[in-house]
Amino acid sequence: MALKVSRSETSGGTGDGDLYVYTRRSDCSDDETTSTGSTNAESVTINSPRATINFRIYAYSAVSNIRYTVTASAWSDMTPSGNTGALQQAELQNFANWYQYHRTRNKMAKAGASEAFGRLGKNYRVGYDTIWNRGGSSANTGGSTPSYPIQWATNGGLFEGANRETFYTRLHGTGASDGTPLKGALQRAARYFATDDPWKVNSTGGMLTCRQNFAILTTDGYWNNNSGYSSVGNADAATNRDVDNNAPQYPDVYSDTLADVAYRYWSTDLRPTMANNVLTSAADPADWQHMVTFGVSIGLQGTLNPNVAPPNPWNVNPYTGGEGPRRIDDLWHAALNGRGKFVVANNSDRFAEALIGALSAIDSRSASGSNIASSSTKTDTSTLTFVAGFTSGTWAGDLIASPFNSALTGVSTTPDWILSQTFAAGRANANFANRTVLTRKGGAAALFDSSLATASDFAVRTGQTDAATAAENIAYLRGDRSREVGQAGGTLRRRTHPIGDIVNSSPAYAEDTKTVYIGANDGMLHAINADSADTSNRGKVLFSYVPKGIDYTAMASLSATAYEHRYFVDGQIDVTSRANQGNGRNILVAALGRGGRGVFALDVTNPTAMTTSSALWDETTQDTTTEPNMGYVLGRVLIRKGNGDKTYAFVPNGIESPNGSATLFVYELDANGGIVSTTRLVADASGGNGLMSLGLADLNGDSKVDTVYGGDLKGNVWRWDFSGTTLPTSAVRLFQARDSANVAQPITGGLAVGRDSYGSIFVGFGTGRFISSTDMPGVATQTTQSLYGIKDQSTTIAGRASLQERTIPYTGAGTRGFENYDLLPAGRLGWFIDLPVPERVVSSPTIYGSAMYVSSIVPPTGSDCNSSVGSGFLNAINLFTGTSPESGSYFAGGGTVGDGVVGSVAVTGGMPTEANVTSALVTVGTGAFSTEDGGAGNTESEEITPPAGGRPARVSWRELVPSE
């Protein structure tokens with residue numbers, strides 16, 4: 001039906017203002033349409049499937065002191081004509097769905113909340129309240145108990161089973177009437193967070209002090225009632241301060257607003273007797289127990305546009321104009337003060353998206369990320385740092401490309417581009433679904449589309465509500481979103497954007513084409529334009545590739561509404577430069593990581609014009625018989641020029657190969673990147689092993705690999721001699737890492753190589769693993785792990801007795817110091833430092849001059865706040881002595897700790913990623929990932945002291961760099 005409402009000014013003032021119209025049933029029940037606003041319009045047309053129900057019509061203006069005469073024409077028939085049969089039935093069903101679930105704002109909110117919380121994983125603790133505190137046994141607007149508190153005594157309060165069912169029962173049982181006491185409702189949530197119950201772990205009653213607390217306040221109107229509210233005054237006055245003595249971000253001069261409530265309970269320590277150890281982020285720096293506020297306005301927008309920068313100081317008085325749009329502005333101000341987000345939702349889909357966005361923002365503040373990479377080894381504002389990550393629950397991946405800041409002290413908070421923000425209309429990836437997608441599924445190179453010879457494999461879930469034909473499902477996997485839930489007739493899993501989660505795959509950058517490559521668990525490797533000068537296309541996905549060996553049955557289930565996470569393209573990537581490849585080509589080799597066994601190769605010389613001939617070869621598989629020495633490759637794969645002008649791809653065989661061997665795969669490549677031969681260099685065939693990491697050395701400076709080093713799960717360091725024109729046939733075991741109890745220490749990170757001023761070659765590495773749940777502290781007995789620097793004398797070092805023990809004698813607030821400089825005693829063939837349990841090393845070191853920069857991690861235990869998300873250290877140590885440098889510190893800031901210099905800096909809020917060294921900075925990912933505030937909390941940088949005459953290089957996978 002359509003209803004046209006007109007107005008004419010009858011008295012009071014001048015000016016147009018906005019005309020707002022809504023309808024209400026004559027019995028004044030909650031059966032309302034969504035309010036409709038039209039800027040400066042003389043009439044508004046409301047479209048709604050009304051029939052014989054009698055409705056009252058209301059209209060008002062955003063301009064005060066103006067009254068209108070409202071006239072309305074009769075409802076006119078909008079029923080489509082000419083529809084019969086199935087179309088008519090679909091029409092009737094659509095009307096029935098609307099009438100049952102969406103016809104009022106109350107129903108719209110329930111439908112949207114059901115969809116949003118339906119996507120929420122179990123690892124949340126969810127309570128529910130109504131603004132009048134109805135539905136619970138302790139209804140009291142002035143109290144501190146919500147209608148449905150967090151059920152901490154049942155399964156720890158996790159959002160599953162009975163806890164989830166009861167939440168939905170309360171949600172759908174909620175009615176609506178009376179006024180809108182938002183201030184009291186938000187204050188009641190804060191009072192609740194100030195009690196013991198939200199902090200309790202389980203029925204034992206222990207409390208976890210690091211919990212993050214979020215209130216998502218939704219409203220379909222303006223606050224107009226103070227029931228349950230106790231005055232907080234002008235909490236966000238410019239003169240007030242938070243716990244850390246910082247002034248409000250958006251101060252104002254108005255008292256007892258919703259924004260005042262949000263700021264009071266964000267800035268105040270709700271549990272002053274608890275340790276302040278709440279996880280911080282760039283969006284929310286508070287480490288004290290506090291409440292974050294999210295605001296969702298159903299149908300109503302204020303006088304301000306929430307998509308532009310807010311006024312600062314805040315200058316919108318919510319008491320001016322009575323119950324009007326300025327109070328919706330106050331809800332936005334509350335979200336800003338409470339360090340949350342604000343969204344206007346005018347239908348159930350938009351409301352669901354708003355809640356999903358809020359929940360994703362909550363989730364993303366604790367999501368982890370992969371290793372970082374940079375476009376250059378120079379520290380300047382033209383160098384981009386690439387940070388990849390994901391949001392669990394929605395399983396969306398993202399990539400942020402940011403330059404260094406103008407002061408060159410760290411990564412800028414103003415990104416060049418954020419991948420997730422490039423898919424809207426008019427943006428770089430607006431036509432994402434139409435890009436080139438290649439595959440070798442079935443063996444032959446082909447386009448990944450509905451014409452694929454084996455396309456029928458993707459027809460899924462026949463007879464279920466989210467069934468899809470092969471063509472529909474392939475279109476979905478390519479990025480078409482037209483069949484997603486929320487679209488007309490959509491039944492497939494809804495995505496925030498069509499890039500899958502990026503967990504372990506690290507970005508790989510090709511300078512020749514200014515392209516960055518990343519693997520994602522949507523089943524594809526993606527090539528992304530990283531050219532900052534190409535402003536309209538930066539962040540554009542140029543092509544994607546679906547490897548042959550992934551699990552296609554699982555990939556076909558990516559569109560299922562009940563999708564459970566799987567790994568697909570989760571491994572490491574390497575791309576040759578044209579100069580090093582020797583034939584003017586960029587060849588890419590990548591592994592599936594946890595997604596399958598083996599590696600594949602592409603010719604990416606021209607990533608904007610990929611054809612089936614660009615898919616060179618694919619040795620990936622799910623079976624265990626094709627290649628018994630190949631496992632899940634988790635370490636780096638490396639393509640380098642070898643002696644005899646040959647190009648090799650070096651691949652460590654990884655974990656869980658059928659033979660359980662430690663094997664180095666060497667693929668000799670022809671001028672076009674094809675395989676000439678495959679050599680399997682088995683270092684250990686005893687079983688239960690796997691070659692995990694590599695290090696390369698160019699001993700004579702001719703840019704060709706002379707030595708390859710490998711570390712395995714049993715702690716062995718292997719050496720292969722590639723200095724000749726023919727491949728080696730065997731490896732030398734240089735060393736086996738064992739702790740003081742003679743327990744083997746696994747080497748899962750890389751190995752770095754350097755040469756001291758006397759010409760001795762040293763191999764640096766750390767030990768430890770963090771691969772499966774059994775590696776978590778508290779799950780299995782944790783053993784001591786260590787840092788090592790050993791001399792390569794082409795023979796086996798007997799053991800620890802041949803090395804010099806070093807220690808970490810100095811500790812301070814967030815820093816540590818290694819032993820003061822001391823040469824290795826005569827006869828010692830290296831050094832070791834035992835790390836405190838459960839600290840370990842799972843990433844590759846980088847050598848810069850005499851310094852070895854390496855991250856160490858302290859994994860989370862999940863049982864206490866000190867390690868609930870993990871932490872770690874960024875370490876800088878002399879590769880050749882195992883001590884601090886001869887003078888000063890490797891960190892430019894220097895400083896002392898105890899009687900030593902700072903050599904180790906704590907990283908909190910997550911486990912640090914591999915150290916990325918540029919000419920003046922060392923940067924790590926913090927283990928967290930968020931796009932908020934430009935991803936400011938995703939990285940941590942320390943200024944370093946460049947060696948005299950030195951230059952940075954990632955020696956573990958590029959070349960040997962002599963010390964200064």
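**Exercise 1. Which residues is Leu-525 in contact with, leaving aside its neighbours within four places in sequence?**

Solution. Keep in mind that this is a predicted model.
- Step 1: Start with the residues numbered below Leu-525, and you'll pick up Tyr-517, Ile-518 and Gly-519.
- Step 2: Go further along the chain, and Phe-543, Ser-544, Tyr-545, Val-569 and Ile-573 turn up.
- Step 3: Finish with Leu-588, Ala-590, Phe-600 and Leu-602.

**Exercise 2. Find the residues that touch the most other members of the largest nonpolar core.**

Solution.
- Step 1: This core has 40 residues.
- Step 2: Phe-448, Tyr-517, Leu-525, Met-555, Leu-588 and Leu-602 touch the most other members. Three of those names should ring a bell, as Leu-525 is in contact with Tyr-517, Leu-588 and Leu-602.
- Step 3: Now ask which helix gives the most to this core. That's H9 (residues 552-556), with four residues.
- Step 4: Look elsewhere, and there's another core lying apart, with 38 residues, including Tyr-229, Trp-314, Ala-334 and Leu-336.
- Step 5: For background, nonpolar side chains tend to be buried together in soluble globular proteins.

**Exercise 3. Trace the open sheet of six strands from edge to edge.**

Solution.
- Step 1: Read off the order, S36-S37-S44-S41-S40-S39, with antiparallel pairing.
- Step 2: The edges are S36 (810-811) and S39 (846-848), each of which pairs on one side only.
- Step 3: Zoom in on S39, which pairs with S40 (residues 851-858) over three bridges. Here Ile-847 sits opposite Met-852 in S40.

**Exercise 4. Take apart the hairpin formed by S32 and S33.**

Solution.
- Step 1: S32 covers residues 752-755 and S33 covers residues 761-766; four bridges join them in the antiparallel sense.
- Step 2: Check one facing pair: Ala-752 is opposite Gly-764 in S33.
- Step 3: Five residues lie between the strands, and in the turn Gly-759 has a positive phi of about 95°.

**Exercise 5. Size up the whole chain, then decide where to read with care.**

Solution.
- Step 1: Count the elements: 10 helices and 48 strands.
- Step 2: Of the 964 residues, 56% are buried. The accessible surface is about 36800 Å², and carbon and sulfur atoms account for 47% of that.
- Step 3: Mean pLDDT is 84, with 80% of residues reaching 70 or more.
- Step 4: Flag residues 46-81, where pLDDT stays under 50 even though the model has 115 contacts there beyond four places in sequence. Residues 98-103 are also below 50, with 19 contacts beyond near neighbours in sequence.
- Step 5: Where pLDDT is low, don't read the predicted coordinates in detail.

How values were computed:
Residues are numbered from 1 along each chain as its sequence is written. Side-chain values use heavy atoms; hydrogens and water are left out. A nonpolar core is a set of buried Ala, Val, Leu, Ile, Met, Phe, Trp, Tyr and Cys residues joined through side-chain atoms within 4.5 Å. Buried means under 20% relative accessible area, exposed over 50%, partly exposed in between (1.4 Å probe, protein chains only). Helices (H or I, at least four residues) and strands (E, at least two) are DSSP runs, numbered from the N terminus. Contact means heavy atoms within 4.5 Å. Two strands pair if DSSP finds at least two bridges between them. Accessible areas come from the Shrake-Rupley method with a 1.4 Å probe; for residues, only the protein chains shown count as cover. pLDDT is the predictor's confidence in each residue, from 0 to 100.
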